[in-house]
Amino acid sequence: MEIVLVVLGVAIGAVACFLIFSSKNNTKVQEAQRQVDEAKSQIDEARAQAEQITADARRQAETEQQAQILKAKEQILEMRQASENEDKQRKSEIHTLENRLVQREESLDKRNDSLDRREHQLQSLQGQLDRRKNDLDKMEAQKTAELERIAGLNTEEAHDELIARVRKQSVHEEAQILRESEQRVRAQADKTAREIVSTAIQRCAADQAGEITVTSVHIPSDDLKGRIIGREGRNIRTFEQVTGVSLVIDDTPETVVLSSFDPVRRETARVTLENLIADGRIHPARIEDMYKKAETLVNERVREAGEQAAFDMGIHDLHPELVKTLGALRYRTSYGQNVLQHSIQVATLCGIMASELGMDEAPAKRAGLLHDIGKAIDHEVEGPHAVIGADLARRYGEKADIVHAIEAHHADVEPDTVLDVLVQAADAISAARPGARRESAENYIKRLEKLEEIANAHEGVERTYAMQAGRELHVMVEPEKISDSEAVVLAHDIAKQIEDEMEYPGQVRVVVIRESRAVDTAK
């Protein structure tokens with residue numbers, strides 16, 4: 001019974017549980033069914049909206065497509081219309097060109113016909129000219145033969161006589177032109193030139209020092225000569241080897257002589273020797289030490305001399321190498337004239353003359369100061385000192401007009417500016433002043449002989465005399481061979497030859513003297 005009750009209880013519990021579970025499942029199923037229905041409803045709405053959007057988009061696309069088609073058709077019509085108009089215009093232009101070509105062709109045809117007619121006329125005229133030329137040649141030959149018969153001269157003799165007359169007339173005209181040109185130029189320029197040059201000379205004065213290739217050094221006593229020579233001459237050999245200067249020791253009391261063509265070396269050797277004498281210790285090592293100190297001192301003096309010269313002329317932007325080279329001119333001489341003093345004087349003269357002419361003084365002074373700078377290095381480089389100086393100035397940035405003035409001051413190149421002529425004139429004035437330069441008797445005699453030789457080489461010259469230290473040349477000519485007109489030309493030719501073949505300070509005046517005398521005696 002209990003078992004049955006337990007079984008029934010279990011069965012009832014199971015049925016109850018099943019009923020409860022079934023009730024819950026039905027509720028969930030219904031809820032899920034409801035959600036599914038709602039989702040279907042939303043899907044249907046979305047599908048309807050999508051179909052509506054698609055329909056609207058299709059209608060809008062069809063509308064835009066139709067608008068684009070219409071726009072494209074309009075553009076095609078416009079392009080077709082423009083193309084038709086362009087074709088019409090081109091056809092019109094082609095038609096016009098065809099008309100022009102037809103007209104030109106007709107004109108050319110007419111011109112060709114006219115040229116043909118003219119050619120026939122020219123051929124006819126040429127034939128007539130040939131016939132007339134032949135007739136004229138015959139007449140000319142007859143006339144020439146008749147003239148030769150009358151004059152008694154053949155053609156060559158008449159030609160020579162005509163050439164001689166023309167040459168004589170041309171010489172006369174040349175002399176007259178030269179005389180008129182000289183008178184006109186002198187009348188215009190002589191007064192002004194004299195004023196400018198005299199003003200420059202009066203305002204410029206420079207001391208001129210005569211220097212030679214040897215320097216005398218005073219020593220306290222002759223006993224020092226043996227110490228300077230040294231044992232077996234080692235001191236004097238070392239001195240000459242180190243300094244590059246010859247040391248001459250002779251019987252002259254309390255004096256030794258330094259000899260060298262390089263003035264800077266000679267000055268360095270002089271300072272070295274004086275320092276050695278003052279120090280008292282003379283041996284090879286001391287000589288080398290003193291030479292180095294003297295070299296430094298002389299280089300400093302050279303630089304200071306260049307700076308002082310540039311400062312005196314108011315030039316403050318020279319390249320340092322140019323300043324150093326300019327200072328080296330302090331120890332250079334030309335015909336006994338100190339080159340640095342000469343350069344300063346030329347710069348002063350250039351500045352004064354430029355001022356008188358209304359020009360800028362600065363470039364004139366600069367060119368005058370640097371005009372002889374090539375003399376400081378011309379023993380190291382081949383060529384004229386004017387060309388060397390111009391190359392040096394060009395290398396260190398000087399302006400083209402300054403370089404050209406330096407190069408042209410001895411006519412190594414043709415002077416073509418007023419500045420070139422100013423430097424030439426100032427250089428000649430400085431060199432030509434009495435006492436400014438000194439030359440040897442041998443060179444002086446050679447220069448006079450060369451002047452007389454140049455003049456005597458010309459035909460018709462009888463005697464020649466060089467006067468006033470070679471600054472004036474008197475040329476006596478044979479009056480029966482040289483006329484007055486030819487004398488003017490002869491003076492010009494001799495002066496030109498002297499300029500081309502000789503180098504000389506200042507100017508040389510050429511005077512041609514022609515004298516003819518007729519003497520008779522009354523009885």
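# Strand pairs, helix packing and salt bridges

Q: Which residue in strand 3 is the bridge partner of Val217?
A: It's Val256 that serves as the bridge partner of Val217. Strands here are DSSP runs of E, at least two residues long, while helices are runs of H or I with at least four residues; both are numbered from the N terminus. Keep in mind that this is a predicted model, where local features need pLDDT of at least 70, side-chain atom pairs count only at pLDDT 80 or more, and totals for chains, interfaces and linings use all residues. Residues are numbered from 1 along each chain as its sequence is written, and side-chain values use heavy atoms, with hydrogens and water left out.

Q: How do you know that strand 1 and strand 3 pair?
A: Two strands pair if DSSP finds at least two bridges between them. Strand 1 and strand 3 (residues 255-259) have 5 bridges, so the pair meets that cut-off. The two run antiparallel, and Val214 has Ser259 as its partner in strand 3.

Q: What makes strand 2 and strand 3 a pair?
A: Here 3 bridges join the two antiparallel strands, against a minimum of two, so they pair as well. Val248 stands opposite Val257 of strand 3. Strand 2 and strand 3 also form a hairpin with 6 residues between them, and Glu254 in the turn has a positive phi of about 55°.

Q: Why are strand 1 and strand 2 called edge strands?
A: The open sheet has 3 strands in the order 1-3-2, paired antiparallel. Strand 1 (214-218) and strand 2 (246-248) each pair on one side only, and that is what puts them at the edges. On average, neighbouring strands are turned by 25° against each other, direction ignored. Helix 5 packs on this sheet, touching strand 1, strand 2 and strand 3, and its direction makes about 10° with that of strand 1. Such angles run from 0 to 180 degrees between N-to-C directions, with axes fitted to C-alpha atoms, for helices over the stretch in contact.

Q: Why is Arg270 called buried?
A: Buried means under 20% relative accessible area, exposed over 50%, and partly exposed in between (1.4 Å probe, protein chains only). Arg270 comes in at 18%, so it counts as buried. The residue lies in helix 5. Not counting residues up to four places away in sequence, Arg270 touches Thr215, Val217, Leu258 and Arg301; a contact means heavy atoms within 4.5 Å.

Q: What makes the meeting of Arg270 and Glu267 a polar contact?
A: A polar contact takes a pair of N or O atoms within 3.5 Å; within protein, one must be able to donate a hydrogen and the other to accept it, and residues adjacent in sequence count only if both atoms are side-chain atoms. The side chains of Arg270 and Glu267 make theirs at 2.6 Å, so the distance is inside the limit.

Q: Why is the pairing of Arg281 with Asp279 called a salt bridge?
A: The rule asks for a side-chain nitrogen of Lys or Arg within 4 Å of a carboxyl oxygen of Asp or Glu. Arg281 and Asp279 meet at 2.9 Å, N to O, so they qualify. At 47% relative accessible area, Arg281 is partly exposed, and Asp279 is partly exposed at 28%.

Q: What makes Glu398 and Arg366 a link between distant parts of the chain?
A: Their closest N and O atoms are 2.6 Å apart in a salt bridge. Glu398 sits in the loop between helix 10 and helix 11 (400-408), Arg366 is in helix 9, and 32 residues separate them. Both Glu398 and Arg366 are buried.

Q: How do you know that Glu462 and Arg463 form a salt bridge?
A: Their closest N and O atoms are 3.0 Å apart, so the pair passes the distance test. Glu462 is partly exposed at 42%, and so is Arg463 at 38%. Elsewhere, salt bridges with shared partners join Asp279, Arg281, Arg286, Asp289 and Lys293 into one network. The whole structure holds 24 salt bridges.

Q: How confident is the predictor about the chain, in pLDDT?
A: pLDDT gives the predictor's confidence in each residue, from 0 to 100. The chain averages 79, and 78% of the residues score at least 70. Residues 205-211 stay under 50, with 17 contacts in the model beyond four places in sequence.
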